[in-house]
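Reader: I'd like to get better at reading helix packing, sheets and single residues off a model. Could you walk me through it?

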Amino acid sequence: MNLVVIEYFYNSVCPYCPAAKSLITKVVEGLKNIEFVEVNTYTEEGIKRGIFLNLMAVPAIAIDGIVKMTGWPFEADDLINFIDEARNI
Amino acid sequence: MEKIWDVIVVGAGPAGLTAGIYTSRHAHTTLLLHSGKIGGRALEAHRIENYPGFPDGLTGPKLMKFFHDQAIKFGTEFKQETVIGISDAGDYKIVSTRSGYHQGKTLIIATGTQRKQLNIPGETDFKGRGVSYCATCDGPFFRDKTVAVLGSGYEAVVDALSLTDIAMKVYYIPGRKGYSEKYPELEQLKANPKVEVLEGYDIAEISGEEVVKKIKLIGGDREQVDVDGVFILLEHISTSGILSDAGITTDEIGCINVDRAQMTNLPGIYAAGDCTCMGWQIVTAAGEGAKAALAAMKYIKKKE
């Protein structure tokens, strides 16, 4: 089973980020071979990473370095599909 | 038997949190239902300098954390549940959520507002790919880029000003209806060399390829401008879609009608904060939350 890296982009003023994180946490809970990385876009390192991935909004999710979901709402099923897709590559 | 709360508060912005502080401090059992966004729209404020008691200013999230901590300290119970219906059963108010229902002797609605969309071509297509409704959240992604800010209210003016610290160029478009008020920050904005104010224009269309590239204008000679991002910061409308089903009256733009004690047209049901469209400030929302809480407690006492 391939390791899947999920990057969750957020910042402290984003009103929908807590809801996004709650959804991601529920989806990845119990899944194996997942590396979950939280990226705060209010840090220099975080914003650089976001800009490098051509991100333009938070909350956002990148899977294996590719932005898959941006803005709220996210659907859990979509996230599961993206994870499955990444595992099968 | 289901628990009957003294007060149910719907919404965790400044008004809802203040209501919770007041009622729980007075030993009234208080349930606060929220959507996970504790602090509401105040969370988006990168700097608050006009909230009394904080002369050096502070961030919205910091101020809201104080509110939240204070409500918890006095015993407000928080539950993250989406409200899907409100009904008035006379002595009890019933709040239905996706997880069940709750009963309260009184109800305080503090649901805030939602951002108004422009509903123009391209807006939905480029959401998150250059179209944003939160400058403080997404502004940092537009470092050294060109952005447009649409909106005539205080938030739009202040956010446009803050974007000048990040972006290379900021087009500020107050809209064809003009400015809501002559805010002091407006002069600072106009004097900023990075800012070009496009007065008398509205945005007719947002276009691009993968991401936003340009906006089409209406209202003057300028037909379009090239931009990397568009911040739509229009003044807000009430989120209160469930209100009409409950029989709670609103005005023509959806603001909840309340009396001087924050009571709606239904006895025992109060509204406070941005959903009443009065003030649009944290301090006024907090004030309304306190008034609603005091009135709700008085209502309970009278019923006993």
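Author: Let's take a helix pair, a sheet and one loop residue in turn, keeping in mind that this is a predicted model.

Reader: Helices, then. How do α1 and α2 of chain B cross?

Author: In general, you describe two packed helices by the angle between their axes and the distance between those axes. Here, α1(B) (residues 14–25) and α2(B) (residues 60–74) have axes that come within 8 Å and cross at roughly 25°. Angles under 35 degrees count as roughly parallel, so α1(B) is roughly parallel to α2(B). The crossing of the two is left-handed. From α1(B), the contact residues include Leu17(B), Thr18(B) and Ile21(B); from α2(B), they include Met64(B), Phe67(B) and Ala71(B).

Reader: On to the sheet. What is the strand order in chain B?

Author: Read across the sheet, not along the sequence. This open sheet of 5 strands in chain B runs β8-β15-β9-β10-β11, with parallel pairing. β8 (131–132) and β11 (195–197) of chain B are the edge strands, each pairing on one side only. Further in, β9 (146–150) and β15 (229–232) of chain B pair over 4 bridges, and one bridge joins Ala148(B) to Val230(B).

Reader: And Thr276(B): buried or exposed?

Author: Check the accessible area, then the neighbours. Thr276(B) lies in the loop between β17 (269–271) and α7 (282–303) of chain B. Its relative accessible area is 5%, so Thr276(B) is buried. The side chain of Thr276(B) reaches the backbone oxygen of Gly273(B) at 2.8 Å. Among the residues Thr276(B) touches beyond four places in sequence are Cys255(B), Val258(B) and Glu288(B).

Key:
Residues are numbered from 1 along each chain as its sequence is written. Chains are lettered from A and ligands numbered from 1 in the order in which they are written. This is a predicted model: local features need pLDDT of at least 70, side-chain atom pairs count only at pLDDT 80 or more; totals for chains, interfaces and linings use all residues. Side-chain values use heavy atoms; hydrogens and water are left out. Two strands pair if DSSP finds at least two bridges between them. Buried means under 20% relative accessible area, exposed over 50%, partly exposed in between (1.4 Å probe, protein chains only). A polar contact is a pair of N or O atoms within 3.5 Å; within protein, one must be able to donate a hydrogen and the other to accept it, and residues adjacent in sequence count only if both atoms are side-chain atoms. Contact means heavy atoms within 4.5 Å. Axes are lines fitted to C-alpha atoms, for helices over the stretch in contact, and angles run from 0 to 180 degrees between N-to-C directions. Angles under 35 degrees count as roughly parallel, over 145 as roughly antiparallel, 65 to 115 as roughly perpendicular and the rest as oblique. A crossing is left-handed if the near helix is turned anticlockwise from the far one by less than a right angle, and right-handed if clockwise.
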